[in-house]
Amino acid sequence: MAPTKKGILERLNAGEVVIGDGGFVFALEKRGYVKAGPWTPEAAAEYPDAVRQLHREFLRAGANVMQTFTFYASDDKLENRGNKVTFTGAQVNAAACDLAREVANEGDALVAGGVSQTPSYLSCKSETEVKAIFKKQLDVFTKKNVDFLIAEYFEHVEEAVWAVEVLKETGKPVAASLCIGPEGDMHGVSPGECAVRLVKAGAQIVGVNCHFDPLTCVKAVKKMKEGVEKAGLKAHYMVQPLAFHTPDCNCQGFIDLPEFPFGLEPRILTRWDMHQYAREAYNAGIRFIGGCCGFEPYHIRAVAEELAPERGFLPAASEKHGMWGAGLEMHTKPWVRARARRDYWENLKPASGRPLCASMSTPDKWGVTRGHAELMQQKEATSKDQLKQLFDRSKTH
């Protein structure tokens, strides 16, 4: 029998660095397996080879958490606004668990089952109704015996607390990450207060994911850590940010940027930016460090390489990558060989190559969140009249 792997809390309690994987919905959308808009993960059942391969690439890059591809896999999201899927939420969740476990067993990785915010909450459904949705997903995670659970991508701490309260019923370790920045959640609850509420609800690991760039997310988690410590509580901390620069975002994050979601490539972080992110996160006391939308395996490899001294090893993917551009020593052109050094890449200011493009954008500021009529969700497809109203409104912003 294979030796039992150390669990997530054992690793974090020992001070180990745990590296998460990356943003599956964005990565698989670019590869042609996920539809932008619904962002639902039926590919786990429809195209298992694609999901399996991405897991393997993140594992090879240094990730030791394989998060199930169950983002937005609740039935109310799979069927929202005319989205037609041929698999049930249970089938998608089960397939995702099997794929994550298969690849995790190929290395020293853990499987994390994840739930995320629901259209039902945004539509002002009751706590009982929303919790029932999480419970449906949890039943699959329990049956498949995932190693720990993550409540991720919550804009409102209230819903995240509900999710944590459901997840903790299993007795498995629970992590909770909000898609918020330093300003707090969409109803103005500060990061520190959000973290306190999550810890009191039963989360042993708290942090943020998505919506903002790495350094902004690290700043938000620092505020969470301050709040938890001030309250006399204890927790571990996690961060899984975007791989996009977002200095011009408001509290809604990158969704408000006019480039979202199809024009974000000029904002992508380089692998060298990821070295800085990994070091900043580590220095802030964060030990669960990963990525979300925009992260590709090479980004996670950069995180793993930066933290190799603390982890004690390099990822397998580093065999095809010279540290700080060292592989360029083998290049045929002398001016490229001259770039085989850390100070070159660390100080580079990449150009966009797009004449007359602004360096930053003006975010949309609709101010719509839970409780607004425009955010009520529906099973039917968005009608032409509804779209016209949105198009007309967007012209005034």
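**Exercise 1. Buried residues of a helix**

Task: In this predicted model, which residues of α10 are buried?

Solution:
- Find helix α10 at residues 191-201.
- Apply the cut-off: a residue is buried under 20% relative accessible area.
- The residues that pass are P191, G192, C194, A195, V196, L198, V199 and A201.
- That makes eight of the eleven residues, and the helix is mostly covered.
- Now look at the cover over these buried residues. It includes α9 (157-167), β5 (174-178), β6 (205-209) and α11 (214-230).
- Finish at the end of the helix. G202 follows α10, and its phi is positive, near 125 degrees.

**Exercise 2. Strand order**

Task: State the order of the strands in the open sheet of eight strands, then place a helix against that sheet.

Solution:
- Read across the sheet: β1-β8-β7-β6-β5-β4-β3-β2, with parallel pairing.
- The edges are β1 (18-19) and β2, and each of them pairs on one side only.
- Move inward to β6 and β7. Strand β7 covers residues 236-240 and pairs with β6 in the parallel sense, over five bridges.
- Take one bridge from this pair: N209 has Q240 in β7 as its partner.
- Now add helix α8, residues 127-144. It packs on the sheet and touches β3 (110-115) and β4 (148-154).
- The direction of α8 makes about 165 degrees with that of β3.

**Exercise 3. Nonpolar cores**

Task: Which residues touch the most other members of the largest nonpolar core?

Solution:
- This core holds 100 residues.
- Those with the most contacts to other members are F69, L178, L198, V239, F254, Y277 and I286.
- Follow one of them, F254. Beyond its neighbours within four places in sequence, its contacts include F26, C210, H211, L242 and F244. T246, C249, F260, L264 and C293 are also in contact with F254.
- A second, separate core has twelve residues, including L12, V18, V65 and L110.

**Exercise 4. An asparagine in a loop**

Task: Is N64 buried or exposed?

Solution:
- Locate N64 in the loop between α4 (48-61) and β2 (65-67).
- Its relative accessible area is 9%, so N64 counts as buried.
- Check its side chain. A polar atom there lies 2.8 Å from the backbone nitrogen of I19.
- List the wider surroundings, skipping neighbours within four places in sequence. N64 is in contact with R11, V17, V18, I19, D108, A109, L110 and R311.

**Exercise 5. Salt bridges between helices**

Task: How many salt bridges does the model have, and which helices do three of the pairs link?

Solution:
- The count is 23 salt bridges.
- Start with R31 and E57. Their closest N and O atoms are 3.9 Å apart.
- This pair links distant parts of the chain: R31 sits in helix α2 (residues 24-31) and E57 in helix α4, 26 residues apart.
- R31 is partly exposed at 36% relative accessibility, and E57 is partly exposed at 27%.
- Next take E102 and R56, with closest N and O atoms 3.4 Å apart.
- E102 lies in helix α6 (residues 89-104) and R56 in helix α4, so the pair ties together parts 46 residues apart in sequence.
- Last, take K144 and D98. Here the closest N and O atoms are 3.0 Å apart.
- K144 belongs to helix α8 and D98 to helix α6, 46 residues apart.
- K144 is partly exposed at 30%, as is D98 at 41%.
- Close with the network: salt bridges that share partners join D49, R52, R56, E102 and E106.

Methods: Residues numbered from 1 in each chain as written. Predicted model: local features only at pLDDT ≥ 70, side-chain atom pairs only at ≥ 80, totals over all residues. Heavy atoms only, no water. Helix = DSSP H or I, 4+ residues; strand = E, 2+ residues; numbered from the N terminus. Buried < 20%, exposed > 50% of the residue type's maximum accessible area, 1.4 Å probe, protein only. Polar contact = N/O pair within 3.5 Å; in protein donor to acceptor, adjacent residues only side chain to side chain. Contact = heavy atoms within 4.5 Å. Core = buried A, V, L, I, M, F, W, Y, C linked by side-chain atoms within 4.5 Å. Pairing = 2+ DSSP bridges. Axes fitted to C-alpha atoms, helices over the stretch in contact; angles between N-to-C directions. Salt bridge = Lys/Arg side-chain N within 4 Å of Asp/Glu carboxyl O.
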